[in-house]
Amino acid sequence: MTKKNIINPRNGMDVDSFREDIKQHLRYTLAKDEYSSTDWDSYRSVVLSVMDRLHDRWINTQQSYYKNDDKRVYYLSMEYLIGRLLDNMLVNLGMQDVAAEAMQEVGLDYDKIRNAEWDAGLGNGGLGRLAACFLDSMATLGIPAIGYGIRYDFGIFYQQIEDGYQIEKPDLWLRYDNPWDIVRPKIQYNVPFYGKSHAYHDESGDLRFNWDDTHDVLAVAYDTPIPGYKNEVVNNLRLWKASSSSSIDLKSFNQGQYIDAVRDTQLNENISRVLYPNDKMFVGQELRLKQEFFLVAASMQDILRRFKKTNDDWRKLPEKVAIQCNDTHPNLAIPELMRFLVDEEGLEWDLAWDITVKTMAYTNHTLLPEALEKWPVSLLRNLLPRHLQIIYEINRRFLQSVQAEIGDDRGKISRLSIVGEGENPVVHMASLGIVGSHKINGVAAMHSDLIQKNLFRDFHELYPDRFTNKTNGITPRRWLRQCNRELADLITDKIGEGWVTDLDQLKKIEKFADDKSFMKKFAKIKQNNKQKMADYIEDKRGIKIDTGSMFDIQIKRIHEYKRQLMLTLYAITRYNQIKANPDMDAVPRTILVAGKAAPGYTLAKLFIKLMNDVGKKINSDPEVNGKLKFLFLENYSVTLAEKMIPSANLSEQISTAGFEASGTGNMKFALNGALTIGTLDGANVEIKEEVGDENIFIFGNTVDDVDHFRREGYNPWDYYNGNNDLKQVIDQIRDGFFNEDRGLFEPIIDSLLNKGDYFLVLADYEAYVNEQAKVDELFKDQEKWNRMALLNTARVGKFSSDRTIRDYAEEIWDVKVKK
């Protein structure tokens, strides 16, 4: 009797299979029908149907990694700003249109279902979004990889604007749970804190250490599938949730002390309760340190358990394991790996150190010394006593080798020391990352150059071969194919879809810059995206936007160095110009700003209030109606970015030169046909090189100019008194033109005029206004503008995260790209 091939309807990639799967899940998984189901039920039914198509691929991918004994990449990051996943999953499975049709056949609206999903806001900004793009690229390139992070109960706060002020509300992304992840209750690890480190001698007489009397927290694994683009590969994002090893203290409970009985459970679970905001300056907090070690300890146990399944020789660890620390936050992985190898496996120090350095790599993301993590020794001694001992020993041996090489240069030795000196010594986590890693990379050519020349100059002189650059990138699957479907389809129609995994192929569309039919479609797509954005604004704010106006957009964390303030000064200048000359030939402009300020960053929050008050004045003035709008859009997220970026004509990348490590928003805007106005900072430098000087608007002081100001001195009053337009704007802010409370914005004025204008807003103001005048003139020539926009799209293939990950794979991780 011959066996029949039985087709599993849950694997089917056709409309009929997907439709039936949705119906089956609604009834048999969720126990709902068409009468009782809610939008969330319908959304979950769709998600479960997508997951059905991922599970076999997921299992097969992981089995193949085991069978081949592949070297694996482990990406440690405190943040993953993954946003909504439905579109992303369907695009990478190659069944977005199939799913949309299947939903329609069961009476579901694709957009409505998509909008039922809540953004997974497990990150503050660029750091977390980069990590999400990297996961997508690793899967698409077939790299055996796992991302490790924390499953925060509350992600980055939900931002509401009330009377112009930012109000932070809890981000309830898990209020109905998360249908995309699967809990692995049998994969859990004890993470120890506190306790004491005891020295003893083993049977051979060697000095060893035990870490005893610890307070343990349980880390429970939650897995989310990460599919590659149409390649059957599904990698894993493993997020850890903190739990208590004992749910209740029965002794306290039986004595009637009910609160005490569950207190430890609540304190343990607090570790994964909330994502820490990215503050202006690094401020050491015990909970934050607990979060970082929680991530590291759970992930390291998982990594080493997996290694031991197929290997028993620890010297082979660097051949099978590559650990990448996304910024300084996971750098405790270095002493934790040393603790495991020396204390638990009994390896000699020198061998364990050699293994550790060859396994670890560290990405630096900042040029701001005050933003680098520095943990108080007193805090580490209490919370992680054994790790502090290991850090001291690492530092002792390192400084010993430094002194042997450079002699008794006390100043340099002090600068290189991992442990700072003084009354309240601290551990410099970036220094630990450099000493304990075989590669340290910056994230843009300029950034890498500056960390080698300035921030880590002494380390670079010591380890020149360890430092390298890996310019950031973005995944074209989300940031073009998904968020700008019309443009993606137009490109695919002309050159095929190879660009989705090889973004350099976009160069092929340059030849259509003189094709009137193509360019007409290109311009129409931009207009359609602007209309969608205008509809969103009218729905949310009740304000009508002229879609024929230039959409001038800045979306970033609110921070002094990103200079949302300078854009605000320009908006006021433009308002004043129109008021003074109502008949001027002004290009209609809609300025849109979005971003969140860290709750404790008072000045940044005041910037938001100023922007809202300026917008209120401008938008309610009939004399500028049709010529200027200025809006701050609340609760910036990945989903909002997916609306704003395709609609932009002009991308604002105006940070003070030498302060932005890279930026990736600049890449997303350029890919979607926006022209950039910016300083020579971060990846702007490389974007300029790619798109050509004539297709970008560059202004302002350079890094060398900024250094000159720092050395020679800078008086902002000279700029205030020397420019009448600037003086008028600042006086208006100070004198209550935008708010009756005349003292409200005094801290902003004070920062500009009396506290040195550290980020050189006034020094760059005139050049910025003049460059904006060039933008205006060009926008009047729509044919030329659109041509430049197309060339931006065509020439930014370098900035695919696929290219970035290939570079990591070949030059840092030593793993093969299978695609």
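In helix 6, Cys133, Phe134, Ser137 and Met138 meet Ser801, Asp802, Thr804, Ile805, Tyr808 and Trp813 of helix 33. Contact here means heavy atoms within 4.5 Å. By class, this contact has 6 nonpolar, 3 polar and 1 charged residues. Ala, Val, Leu, Ile, Met, Phe, Trp, Tyr, Cys and Pro count as nonpolar; Asp, Glu, Lys and Arg count as charged; the others, Gly among them, count as polar.

The model is predicted: local features need pLDDT of at least 70, side-chain atom pairs count only at pLDDT 80 or more, and totals for chains, interfaces and linings use all residues. Residues are numbered from 1 along each chain as its sequence is written, and side-chain values use heavy atoms, with hydrogens and water left out. Helices (H or I, at least four residues) and strands (E, at least two) are DSSP runs, numbered from the N terminus.

Two packed helices are described by the angle between their axes and the distance between the axes. The axes are lines fitted to C-alpha atoms, for helices over the stretch in contact, and angles run from 0 to 180 degrees between N-to-C directions. Helix 6 (residues 126-140) and helix 33 (residues 801-813) pack at about 75°, with axes 9 Å apart. The two are therefore roughly perpendicular to each other. Angles under 35 degrees count as roughly parallel, over 145 as roughly antiparallel, 65 to 115 as roughly perpendicular and the rest as oblique.

After helix 6 comes a loop leading to strand 4 (145-150), and leucine 141 is found in that loop. Leucine 141 is buried, with a relative accessible area of 1%. Buried means under 20% relative accessible area, exposed over 50%, and partly exposed in between (1.4 Å probe, protein chains only). Leucine 141 and glycine 228 are 87 residues apart in sequence. Their C-alpha atoms are 7.2 Å apart in space.

A second helix pair is formed by helix 1 (residues 15-29) and helix 2 (residues 39-68). Their axes come within 8 Å and cross at roughly 120°. Helix 1 and helix 2 are therefore oblique to each other. Ser17, Phe18, Asp21, Ile22, His25, Leu26 and Thr29 in helix 1 meet residues of helix 2, including Asp41, Val46, Leu48 and Arg53. This contact has 6 nonpolar, 5 polar and 4 charged residues.

Lysine 32 lies in the loop between helix 1 and helix 2. At 24% relative accessibility, lysine 32 counts as partly exposed. Leaving aside neighbours within four places in sequence, lysine 32 is in contact with Leu26, Arg27, Ser37 and Asp41. Lysine 32 and serine 42 are 10 residues apart in sequence and 9.3 Å apart in space, C-alpha to C-alpha.

Helix 9 (residues 286-310) has 25 residues and should span 36 Å at 1.5 Å a residue. The expected span is 1.5 Å times one less than the number of residues. The end C-alpha atoms of helix 9 are 37 Å apart, which agrees. Of its 25 residues, 18 are buried, so helix 9 is largely enclosed by the rest of the structure. Helix 23 (residues 602-619) has 18 residues and reaches 26 Å from its first C-alpha to its last, close to the 26 Å expected. In helix 23, 14 of the 18 residues are buried, so this helix is also largely enclosed by the rest of the structure.

Valine 377 is placed in helix 13 (residues 377-383). At 2% relative accessibility, valine 377 counts as buried.
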